[in-house]
Protein chains: 2
Amino acid sequence: MHPPQWIAAWVLLLHGCATGSATTDVRDCSVDPPYLPPTATNTTAQLAALRAAMRAHRVQAYIVPSTDAHMSEYIAERDSRLGWLTGFTGSAGTGVVTQDKAALWTDSRYWTQAERQMDCNWELQRTVWIQSIGLWILEAVPAGGNIGLDPFLFSIDTWNSYSQALHGSGRTLLPIETNLVDQVWGDQRPPPASGEIYSLPAAFTGSSWQDKVAGIRQQMEQHVRRPTAVLLSGLEETAWLFNLRGDDIPYNPVFYSYTLLTNTSISLFVDVPRLSPSVQQSLQADCPGPLCVELREYGQARAHLRRYAQGNVTIWLGTEYTTYGLYSVIPQEKLLETSYSPVMLAKAVKNAKEQELLRAAHVRDAVAVIQYLLWLEKMVPQGQVDEFLGAQHIDALRRAQEHNRGPSFQSISASGLNAALAHYSPSNGSSRKLSADEMYLSDTGGQYLDGTTDITRTVHWGAPTPLQKEAYTRVLMGNIDLSRLVFPPNTAGRTVESFARRALWEVGLNYGHGTGHGIGNFLSVHEWPVGFQSNNVPLAAGMFTSIEPGYYRDGEFGIRIEDVALVVEAKTKHQSEEKPFLTFEVVSLVPYDRNLIDLSLLSPEQIQYLNAYYKTIRARVGPELQRQQLEEEYSWLQRNTEPFPLDSTATATATMSTVALASVLSTLLTGLQA
Amino acid sequence: MHPPQWIAAWVLLLHGCATGSATTDVRDCSVDPPYLPPTATNTTAQLAALRAAMRAHRVQAYIVPSTDAHMSEYIAERDSRLGWLTGFTGSAGTGVVTQDKAALWTDSRYWTQAERQMDCNWELQRTVWIQSIGLWILEAVPAGGNIGLDPFLFSIDTWNSYSQALHGSGRTLLPIETNLVDQVWGDQRPPPASGEIYSLPAAFTGSSWQDKVAGIRQQMEQHVRRPTAVLLSGLEETAWLFNLRGDDIPYNPVFYSYTLLTNTSISLFVDVPRLSPSVQQSLQADCPGPLCVELREYGQARAHLRRYAQGNVTIWLGTEYTTYGLYSVIPQEKLLETSYSPVMLAKAVKNAKEQELLRAAHVRDAVAVIQYLLWLEKMVPQGQVDEFLGAQHIDALRRAQEHNRGPSFQSISASGLNAALAHYSPSNGSSRKLSADEMYLSDTGGQYLDGTTDITRTVHWGAPTPLQKEAYTRVLMGNIDLSRLVFPPNTAGRTVESFARRALWEVGLNYGHGTGHGIGNFLSVHEWPVGFQSNNVPLAAGMFTSIEPGYYRDGEFGIRIEDVALVVEAKTKHQSEEKPFLTFEVVSLVPYDRNLIDLSLLSPEQIQYLNAYYKTIRARVGPELQRQQLEEEYSWLQRNTEPFPLDSTATATATMSTVALASVLSTLLTGLQA
């Protein structure tokens with residue numbers, strides 16, 4: 001599944017051009033009364049309340065982002081301030097409100113959705129450049145005006161971008177600690193999460209939390225700046241460090257928290273009563289001492305940090321996941337800033353046990369997906385399956401697998417033209433029927449105690465068009481070319497991701513999203529900072545990433561082929577550097593649709609790779625299917641992993657001419673012997 | 001030829017590991033007296049003088065960079081302050097001097113050279129991270145100290161990096177407008193250039209300077225910030241804009257200058273008497289008026305800019321080529337900053353006429369290189385050619401070609417192990433003899449009135465080792481794979497440069513430099529911002545770039561295959577976007593060494609590409625060779641551009657088995673007929 005952060009600026013432009021949707025709006029706000037689709041939300045009351053609050057705080061504009069105080073990609077309903085204010089429920093966007101205007105910025109994935117969900121109070125800005133927001137504000141707010149925002153909802157980098165956009169313009173960026181949307185949302189705002197925060201059993205963790213803490217402290221000691229503390233704001237960071245999980249955010253087993261890990265103490269800021277007595281005991285077994293976890297209320301994080309920062313300390317933090325609100329209480333000279341905290345980077349490289357856990361989760365996940373593909377093969381021709389039912393079925397199949405804890409994101413189940421929308425998810429009411437006459441794209445994943453999965457398969461049960469077959473094959477070629485690539489250590493993902501595009505580029509095709517993202521051990525399905533984007537860290541052995549090229553044809557069909565792969569050391573003929581070169585080991589274990597592969601486009605190396613991959617699938621998933629007594633699925637797997645003939649055309653020709661000559665010879669010999 | 005900017009940090013690390021030279025130093029400063037190679041310069045007097053000047057200015061440290069006030073890559077002797085102070089003559093480095101210490105930072109290409117040229121007054125820091133310089137300063141200078149530097153020798157970005165490295169440390173970065181090195185260098189410093197600054201004949205320009213000015217002014221009008229002026233600091237910018245050339249810097253036909261182009265006036269800051277009367281007349285033909293070029297003294301640039309900046313203006317500048325000294329006189333709110341000025345970007349995209357000019361220069365350049373390769377083929381076996389003689393000979397052959405104005409950089413002529421040093425140039429005294437027993441690398445280029453060229457060929461006249469042949473073939477495969485790549489518009493070079501490495505990576509090999517750089521029309525051989533580095537701009541039709549993968553084996557041999565290529569529109573089977581996809585047209589027209597190509601490694605597509613390229617060489621260079629009555633060279637060209645058999649192994653096998661079967665058949669038939 002591909003995350004929102006992928007939509008880089010150039011891709012947006014490109015996608016915008018391709019869809020041409022930049023010029024039309026399903027709303028018509030020029031007529032009186034305006035024409036609005038029935039899906040639009042009336043936001044007049046929300047806006048009036050917010051504007052009153054703005055007047056009280058003397059701000060001429062107020063910026064509302066889509067994220068929460070931890071820069072989470074998925075957020076709780078309680079944090080969906082932008083959704084409540086605008087009606088727009090997409091996962092990425094920014095709203096700005098003045099006394100007489102209101103505008104929403106979002107990327108091309110969400111333009112149509114925004115038009116359908118927003119009323120005429122809102123103008124839609126089809127870009128996500130902060131510079132564009134800045135220019136809008138400069139036009140809407142006269143010099144001398146204040147631009148208000150909640151400093152706890154903006155990362156340091158985003159804050160700086162706004163600051164730069166307004167620099168020298170006479171407008172002031174004004175942090176307001178009371179969130180004005182929350183204030184006017186009032187008691188209609190959903191309550192905070194209250195579920196238990198639990199420990200992950202040792203069988204499912206890579207190492208104890210004490211060992212993880214020790215590893216981070218070692219990094220602190222070895223750093224030339226000798227930081228005295230690490231501040232953790234990302235929810236995954238605290239969850240990973242303490243081997244704790246919660247259910248505060250849909251699909252992501254995390255909980256609201258901060259951690260301040262110093263060289264002598266550990267403070268965990270959390271809703272303490274939600275920790276079970278046994279968890280509290282485990283965290284405080286070594287009290288007092290450097291491995292004693294002091295449990296403090298979530299709301300105390302900032303005040304505690306401010307106090308700590310008054311000492312002779314150096315605080316290490318990752319700028320990508322820390323909000324300006326926390327950052328600003330630390331004096332500049334006491335800061336050690338890196339893009340990502342050392343915990344984020346340690347989590348990204350899975351140790352041997354974590355790798356085994358993730359591999360094992362993918363075997364069971366493959367069973368569920370194979371069951372689903374076989375079920376579709378049988379059911380679709382009967383005309384009884386629609387997208388929503390399909391999504392429900394794969395979710396149920398996963399849930400039946402051992403250690404499953406539900407899907408890792410909302411299942412994408414898209415037939416025909418719906419698959420051309422990269423982020424389409426069906427709903428119960430409006431769901432397209434699956435058919436042997438069109439392509440179907442299923443992008444789904446599971447949360448398992450041992451690992452998080454994410455896989456996309458695109459299939460066609462009938463007769464694909466030549467373009468569909470060519471595009472599918474080229475997407476597959478891209479997936480193979482990147483998966484089999486050998487590359488030097490320390491290579492950045494962005495420098496190799498084009499290998500996933502080359503086969504498409506060759507004939508003038510492309511796709512408008514990124515090529516892969518990290519993934520966790522029972523954590524986020526999009527685990528940063530691993531991946532192929534420009535802000536990802538270099539690839540290293542032990543990292544897991546998805547590899548997911550695609551191709552989308554507006555109004556017609558969509559293709560994506562996604563696997564999760566582990567970065568491993570490669571065995572090369574020569575060894576020119578001290579560290580071995582790297583390559584990928586694909587851990588998703590589901591065969592591709594043979595009906596859509598044009599073998600004549602594949603190189604012998606690509607076919608060899610495919611055959612080797614299929615051998616691995618048989619070896620790893622076959623026994624699990626048998627163990628689960630899924631005999632029909634086992635036969636399906638054998639059928640669908642038959643080796644492909646190597647160099648099909650050449651072999652065919654060679655065989656034919658050999659046969660022809662042999663027959664001549666035989667005739668001759670017969671003649672001779674006669 | 002590859003430029004210094006290429007050595008990205010990770011490459012440095014990598015190269016450092018590969019050579020292992022990080023731990024040894026040819027100097028031994030631990031004994032008394034120290035052991036120094038005879039090539040070392042005694043810098044005691046220079047340092048004593050500089051330290052006295054530092055005391056007078058109350059700075060505890062002084063930073064000396066290797067560049068000039070225009071961020072030039074090549075500099076005049078007069079600007080070689082670092083060389084004079086340290087003895088080190090490499091093109092990239094930074095020196096820092098305190099009262100009792102002195103250190104030089106440079107990248108791996110220059111470590112050995114620095115050890116050989118510097119005495120024990122200097123420690124060598126084997127990195128170019130500004131952070132590392134900052135940490136050294138923090139150790140060497142106590143809090144409260146001042147760090148002096150000449151603000152006219154640091155780009156805005158570099159200045160900011162230093163500023164950030166010292167931020168909050170209690171040390172102050174102190175701009176001193178009098179350059180302390182110049183002050184102590186005194187009258188020993190070489191005088192300024194005095195040669196004539198001349199107009200390029202209209203036949204060799206893409207458009208008139210008036211048209212170029214109009215184009216830039218149009219961009220100013222269309223920019224949302226409505227800048228009132230563009231400031232040009234890069235020497236190529238002013239030379240290109242006014243179609244003027246000079247000889248202030250070796251190999252680069254530029255002259256010291258600044259330009260302030262406003263919406264109503266044009267100021268050219270230059271040593272006015274060096275402009276001939278006819279040039280002055282042409283620049284002032286439209287005076288008074290918006291196309292009147294006001295000629296002002298070079299030294300007046302800053303004062304004039306400061307005055308201009310007091311008005312109601314917005315000044316557009318490129319941060320990469322503007323020094324902090326100029327930048328700092330413009331109030332922040334009057335600045336429009338982009339990485340590169342609009343002139344830099346306009347220059348990067350060659351119009352149809354400029355493309356034709358560059359193509360034509362490459363045809364004549366190919367003649368010279370072919371003459372050279374043939375000459376080597378005949379002379380080397382006689383044992384009469386050494387590296388220096390070779391370099392002199394290719395320079396002379398180029399000089400004999402029409403419109404030639406000398407080499408575009410110091411010729412690299414490297415035999416055997418010398419070629420493993422990426423930037424080796426032979427000198428008269430110590431030059432290796434060329435031999436049929438080792439590989440030879442020639443990286444050379446010419447300045448022609450119509451264009452600048454740059455080409456590398458690696459050859460072997462005897463029996464290459466299997467590794468040499470494999471490595472050469474894989475370097476060639478990389479060159480081909482990138483040259484034939486089809487990619488979308490707006491693609492950044494860095495996202496595709498790995499295609500030039502894949503064939504090497506596959507077997508664990510790599511190279512430690514960038515893959516290409518822009519090139520000018522009778523301007524710089526390294527013309528930024530085109531290329532494959534992370535700070536290059538996206539590729540666009542009309543840009544020229546070198547493509548130059550390589551492979552280097554320390555102490556043994558070096559391979560590089562470099563061509564210049566034009567970005568052109570591609571004809572693709574499908575067209576999915578509004579703008580056509582792009583590909584390269586190689587304009588360097590010299591065949592590769594057949595003796596070093598292992599055809600069995602090449603794919604059919606690569607062989608097809610090679611054969612098509614060779615056909616182009618024949619069509620374009622053949623007639624020119626005949627026109628110049630170079631019949632022997634013409635035959636050599638025909639021989640060396642014979643098409644390669646497609647799919648050699650398959651064909652070979654097929655042929656063989658057909659032959660074998662035919663012979664069996666014939667035997668049988670004979671028997672039958674007998």
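Helices are taken here as DSSP runs of H or I spanning at least four residues, numbered from the N terminus. With that in hand, the enclosed spaces of this predicted model can be toured from the largest cavity onwards.

Helix α9 of chain A, residues 235–242, gives the most to the lining of the largest cavity, contributing three residues. The lining as a whole comprises 19 residues, and those lying nearest the centre are A:S72, A:E73, A:E236, A:Y321 and A:S524. By class, the lining of this largest cavity holds nine nonpolar, seven polar and three charged residues. The volume enclosed is about 210 Å³.

Chain B supplies the residues nearest the centre of the second largest cavity, namely B:M71, B:S72, B:E73, B:E236 and B:S524, out of a lining of 17 residues. Here the space amounts to about 180 Å³. Eight nonpolar, seven polar and two charged residues make up the lining of this second largest cavity. In total, ten cavities of 30 Å³ or more are counted.

A look at helix α5 of chain B turns the view from empty space to buried side of the fold. Within this helix, which covers residues 130–140, the buried positions are B:I130, B:S132, B:I133, B:G134, B:W136 and B:I137. Several strands of chain B take part in covering these buried residues, including β1 (61–65), β2 (94–98) and β3 (102–105). Strands β4 (123–125) and β5 (146–149) of chain B are also among the covering elements, and helix α6 (156–166) of chain B joins them in the cover over α5.

Key: Residues are numbered from 1 along each chain as its sequence is written. Chains are lettered from A and ligands numbered from 1 in the order in which they are written. This is a predicted model: local features need pLDDT of at least 70, side-chain atom pairs count only at pLDDT 80 or more; totals for chains, interfaces and linings use all residues. Side-chain values use heavy atoms; hydrogens and water are left out. Buried means under 20% relative accessible area, exposed over 50%, partly exposed in between (1.4 Å probe, protein chains only). Helices (H or I, at least four residues) and strands (E, at least two) are DSSP runs, numbered from the N terminus. Contact means heavy atoms within 4.5 Å. On a 1 Å grid over the protein atoms alone, a cavity is a set of points where a 1.4 Å probe fits but cannot get out, and a pocket is an open set with protein on both sides within 12 Å along at least five of seven lines; lining residues have an atom within 4 Å of a point. Grid points are joined across faces, edges and corners, and a volume is the space filled by probe spheres set on the points. Ala, Val, Leu, Ile, Met, Phe, Trp, Tyr, Cys and Pro count as nonpolar, Asp, Glu, Lys and Arg as charged, and the others, Gly among them, as polar.
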